Amino acid sequence: MKKFYTKLIAVLIIISLLGTVIAGCGSKTQSEARKKVLKVSMGLGEAEWKVMKEDIFPPFEQKYGVKIEPLQIEAGDLIKKLDAMHKANAMDIDIITQDNMQLAPLVAKGLVEDLSQYRDMIPKEVIPSLVPVGEFDGKLYFMPYRPNVEIAFYNEDKFNEYGLKLPTNWDELLQVAKTFKEKEGIGRVIIKENLGPDSTVHMFDLIRSAGGDPTVLNDEGSIKAFTFLKEIQPYLSPDSKKADWNTPVEYLAKESVYLVQNWPYTANVLVEQYGKKNILAYHGWTGPVKESHVLGGEVIGIPTGAPNKEMAIKFMEYLMSKEVQEKLVTKLGWPSMRSDAYGKVAEWQKPYFEAINEALKHAEPRPNLVYWADVDKAINGALREIIFEGKDIKTTLDKYHNMIEEAKKAAESK
């Protein structure tokens, strides 16, 4: 009986060891299979995904023998998704493109790799102002990919009809707005006031161009910006309150608005879908101190613990290549991170890209703050109270300045 149990135990040990070996082989096979897949997270529209799947992904897949698995994840959701995967030690995304306003939490939570050792991959043709956007405390966490900046779209026919020149400063902008209102009985100029991210962009532009800091909000430049907005308010289009990133396209197409700053994709839609060749664009106007435009767009990052990091590095370099950037310019009308990617644009696109490149010269990134939501809320709270409720400018700005300072202290104490 004793010999029987000894043999039984020996058999069980052998079975257990075999199981471990088989499991190990299975795990190795799984790992090898995962290396043949590159999971890419982007927040894109249907037309943008179409270009990615048909024009951008296939050459890379063919060259490296890898299958790209696209993941549609919006900027705010991506932070939560990566955080959950990171905490569970189960990262399953290899590379991300992320809104440049949603970067600070990713770095603060340790959710992205330090890419400093790959800095030499950044092409020399990159627009220089794009690189610092991805830097935190002297380290490079994000690579440049897709810059974006608003330009001023205008109805050429209407400007000609009333003998108006394009406004180059605040005084001229006020005069143009007044003239349209007097001639047509309704405002035809838009400054975005939808009390959301879109109005935040326009307030950033106004405040900075007056020499102010939107994250301070009660300095001299901020006061000048809100004072000017109050002055021009009676002459603005009533659609200013509804204007976001998308609605100005419809306003311009239907010719209910004659002047508005919006993102460059507007040009492709107006010309290709609506045939509106009379809607042109230029870089915009300056304030009392300078011209300033919010630098929007996306950057490339690699999640901490990405299963296929080696392939992600190759794909990162591919996305910054002239080949890819030219396709994104011509097929989507995206501004390029490279100065040499505009050689294949259609003739009708050239004036719009000239406006974009001029605006990019005056583009400034929004600060990467972990308390950004509080800044956004403060700016729109001040906008609502001053413009829509008629409250005192200085008193209101002091109130919201204090709100931002409290949020800043709370963030620093964590």
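How many nonpolar, polar and charged residues are in the lining of the largest cavity? By class, this lining has six nonpolar, five polar and one charged residues. Please keep in mind that the model is predicted, so let us walk through it with that in view.

## The cavities and a pocket

The count of cavities of 30 Å³ or more comes to three. The table sets the two cavities described here beside the second largest pocket.

| Space | Volume | Lining by class | Element with the largest share of the lining |
|---|---|---|---|
| Largest cavity | about 140 Å³ | six nonpolar, five polar, one charged | α7, four residues |
| Second largest cavity | about 70 Å³ | seven nonpolar, three polar, two charged | β11, five residues |
| Second largest pocket | about 150 Å³ | five nonpolar, no polar, two charged | α15, three residues |

Around the largest cavity you will find Trp-170, Leu-173, Ile-190, Ile-191, His-202, Asp-205, Leu-206, Ser-209, Gln-261, Trp-285, Ser-292 and His-293. Two helices, α6 (170-184) and α7 (197-209), each contribute at least two residues to this lining.

The second largest cavity is bordered by Asn-100, Leu-130, Val-133, Pro-144, Tyr-145, Arg-146, Pro-147, Leu-295, Gly-296, Gly-297, Glu-298 and Val-299. Here two strands, β6 and β11 (293-301), each supply at least two lining residues.

The second largest pocket is lined by Val-370, Tyr-371, Asp-374, Ala-407, Ala-410, Ala-411 and Lys-414. Helix α15, which gives the most to that lining, covers residues 393-413.

## Helix α7, beside the largest cavity

Since α7 provides the largest share of the lining of the largest cavity, this helix deserves a visit of its own. Its 13 residues reach 18 Å from the first C-alpha to the last, close to the 18 Å expected at 1.5 Å a residue.

Is α7 largely enclosed or largely open? Of its 13 residues, 12 are buried, so α7 is largely enclosed by the rest of the structure. The buried set runs through Asp-198, Ser-199, Thr-200, Val-201, His-202, Met-203, Phe-204, Asp-205, Leu-206, Ile-207, Arg-208 and Ser-209. Among them, His-202, Asp-205, Leu-206 and Ser-209 also line the largest cavity. A general point about helices helps when reading such lists: an α-helix has 3.6 residues a turn, so residues three or four places apart point the same way.

What covers the buried residues of α7? The cover includes α6, α8 (220-232), β9 (259-262), β11, β12 (363-365) and α14. Just after the helix comes Gly-211, with a positive phi of about 85°.

## Two buried residues

Helix α14 (residues 372-388), part of the cover of α7, is home to Ile-379. This isoleucine has a relative accessible area of 0%; because buried means under 20%, Ile-379 counts as buried. Beyond its neighbours within four places in sequence, Ile-379 is in contact with Thr-200, Met-203, Phe-204, Pro-214, Leu-217 and Phe-226. Thr-200, Met-203 and Phe-204 are among the buried residues of α7. Ile-379 and Ser-199 are 180 residues apart in sequence, yet their C-alpha atoms are 8.6 Å apart in space.

Strand β11, another part of the cover of α7, holds Gly-301. This glycine is buried too, with a relative accessible area of 0%. Not counting residues up to four places away in sequence, Gly-301 touches Ile-95, Ile-96, Tyr-141 and Phe-142. From Gly-301 to Leu-319 there are 18 residues in sequence and 12 Å in space, C-alpha to C-alpha.

## Helix α2 and its kink

Helix α2 (residues 46-64) has 19 residues, which at 1.5 Å a residue should span 27 Å; the end C-alpha atoms are 26 Å apart, in agreement with that. Where does the kink in α2 lie? A bend of about 50° lies at Phe-57, shortly before the proline Pro-58.

Phe-57 is also one of the buried residues of α2, together with Glu-48, Trp-49, Val-51, Met-52, Asp-55, Ile-56, Phe-60 and Glu-61. Their cover includes the strands β1 (37-42), β2 (67-72) and β6 (143-148) and the helices α11 (309-319) and α12 (322-332). After α2 comes Gly-65, whose phi is positive, near 60°.

Key: Residues are numbered from 1 along each chain as its sequence is written. This is a predicted model: local features need pLDDT of at least 70, side-chain atom pairs count only at pLDDT 80 or more; totals for chains, interfaces and linings use all residues. Side-chain values use heavy atoms; hydrogens and water are left out. The expected span of a helix is 1.5 Å times one less than its number of residues. The bend at a residue is the angle between axes fitted to the seven residues ending there and the seven starting there. Buried means under 20% relative accessible area, exposed over 50%, partly exposed in between (1.4 Å probe, protein chains only). Contact means heavy atoms within 4.5 Å. On a 1 Å grid over the protein atoms alone, a cavity is a set of points where a 1.4 Å probe fits but cannot get out, and a pocket is an open set with protein on both sides within 12 Å along at least five of seven lines; lining residues have an atom within 4 Å of a point. Grid points are joined across faces, edges and corners, and a volume is the space filled by probe spheres set on the points. Ala, Val, Leu, Ile, Met, Phe, Trp, Tyr, Cys and Pro count as nonpolar, Asp, Glu, Lys and Arg as charged, and the others, Gly among them, as polar.
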